[in-house]
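Please look over the sequence and the model below before reading on. The text then goes through the structure part by part.

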Amino acid sequence: MRLINISEYDHNSMVLGKPIYDSNKRILLAAGRTIDPKIITRLEAIGIEFLFVEDEISKGISIEDMLDMPTWTDAIEAVKTFYHQAVTYHSPKLEGIQKVAGTLLQEVKYRPTLILIPAGTMTKDLQPYAHAVNVTILALLIAKEMGYNDIKQKDLAIGSLVHDIGKILDDDPNKHPEKGFDFLRNISQFSIVSAHIAYQHHERLDGGGFPRKLKDQAFLEMAQICGLANWYDNMISKENFAPHDAMEAIMAASDRAYSHRIVAAFSQSVASYPPGTKVIVDNKEPAIVTKIHKHLQRPIIKLLSNDKIIDLLENPTYMIKPFDTVV
Ligand SMILES: [Fe+2]
Ligand SMILES: [Fe+2]
């Protein structure tokens, strides 16, 4: 299985690898089927940008370190419910997002990494909530690497799940951190740390962020983690960056946007080349990533010309680049 942009779909050689859901968690298209070009046009119209497919080159690649679909759709649903309650009720119920925070914490805890399911695999109206779930997964991966305990991870997860809640409370996007904070801190039992994560997630260490242009220690570590996760997921989901390029952008901003310690933890816990990514080896040979292991940046690859398997960890001289940069 591999992830492709919907524009790359070829109904002669690919079948759907994972189901596609509508906004109400109903299966629109089941895994295993081919998609008629007319249906592709309809999927594009409801905002689907990426598809998981099975085809010849991705044969035998299973993306194990990914949330299963029910867990993923339940998490999205819980965030959506909380956001909607924020508009309709004065004080929304916390149980739903607390449960999701606990589930994601466990998922991250017992796996070497977690590969994201891009928000663009969902319909447009669900993408903001899918983004919130992905930001939370990324934040938890970083926190695990930094040795956070469960209590801190829970605060971080809840703050990350609701980091953009201000967007539905005010039309001005510049105000969403503050609007979110004002709303969250007035909910009884809501952690003030989690509320501050929402308030600070667009700040930068060098004072170049918003809304308060916080600097240095005033920018909470947990908010930095959420901010980095948010930036990364936006690059992947909204700006179409390949994971490798988004990782480079973040490394380049080390100590200016976020502390070096956080950037280093991020680079050790998120794979630049997830399974199913097409790459070029040593500037000439096309290959596909089949598996990642402990060293996330040195995956196992398969050469497309002869199906030879190479573990990059055991072959340190081999260099890989994203496929698109060379062709
Ligand atoms: Fe935001
Ligand atoms: Fe965000």
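The paragraphs below deal with the domains, the nonpolar cores, one buried residue and a sheet.

This is a predicted model. Its protein chain is divided into three stretches: domain 1 covers residues 2–54, domain 2 covers 69–267 and domain 3 covers 278–326. Between the C-alpha centres of domain 2 and domain 3 the distance is 31 Å. Where these two domains meet, domain 2 contributes 4 residues and domain 3 contributes 5 residues. On the domain 2 side of that contact, 2 residues are nonpolar, 2 are polar and none is charged.

Next, the interior. The largest nonpolar core holds 82 residues. Within this core, the members that touch the most other members are Val-79, Ala-139, Leu-140, Ile-142, Leu-156, Ile-225 and Leu-228. Helix H4, which spans residues 127–145, supplies the most to the core, namely 12 residues. Ala-139 can serve as an example of how such a member is surrounded. Leaving aside residues up to four places away in sequence, Ala-139 touches Leu-156, Ala-157 and Ser-160, and also Ile-225, Cys-226 and Ala-229. Another core lies apart from the largest one and has 8 residues, including Met-1, Leu-3, Phe-52 and Val-53.

Val-100 is a residue to examine singly. It is part of helix H3, which runs over residues 95–109. Is Val-100 buried or exposed? Val-100 counts as buried because 24 other C-beta atoms lie within 10 Å, and the cut-off for a buried residue is 20 or more. Its contacts beyond four places in sequence are with Ala-75, Ala-78 and Leu-161. Trp-72 is 28 residues away from Val-100 in sequence, and the C-alpha to C-alpha distance between the two is 9.7 Å.

The last element is a sheet. It is open and made of 5 strands, in the order S9-S8-S7-S6-S10, with antiparallel pairing. At its edges stand strand S9 (309–311) and strand S10 (320–322), each of which pairs on one side only. On average, neighbouring strands of the sheet are turned by 40 degrees against each other, with direction ignored. In any sheet, strands pair through backbone hydrogen bonds, in a parallel or an antiparallel manner. How many bridges join strand S7 and strand S8? Strand S7 (residues 285–291) and strand S8 (residues 300–303) are joined by 4 bridges in the antiparallel sense. Along this pairing, Val-289 stands opposite Ile-301 of S8.

Technical notes
Residues are numbered from 1 along each chain as its sequence is written. Chains are lettered from A and ligands numbered from 1 in the order in which they are written. This is a predicted model: local features need pLDDT of at least 70, side-chain atom pairs count only at pLDDT 80 or more; totals for chains, interfaces and linings use all residues. A nonpolar core is a set of buried Ala, Val, Leu, Ile, Met, Phe, Trp, Tyr and Cys residues joined through C-beta atoms within 7 Å. A residue is buried if 20 or more other C-beta atoms lie within 10 Å of its own, exposed if 12 or fewer, and partly exposed in between; C-beta atoms are placed from the backbone. Helices (H or I, at least four residues) and strands (E, at least two) are DSSP runs, numbered from the N terminus. Two residues are in contact if their C-beta atoms, placed from the backbone, lie within 7 Å. Domain bounds come from an automatic or database domain assignment. Ala, Val, Leu, Ile, Met, Phe, Trp, Tyr, Cys and Pro count as nonpolar, Asp, Glu, Lys and Arg as charged, and the others, Gly among them, as polar. Two strands pair if DSSP finds at least two bridges between them. Axes are lines fitted to C-alpha atoms, for helices over the stretch in contact, and angles run from 0 to 180 degrees between N-to-C directions.
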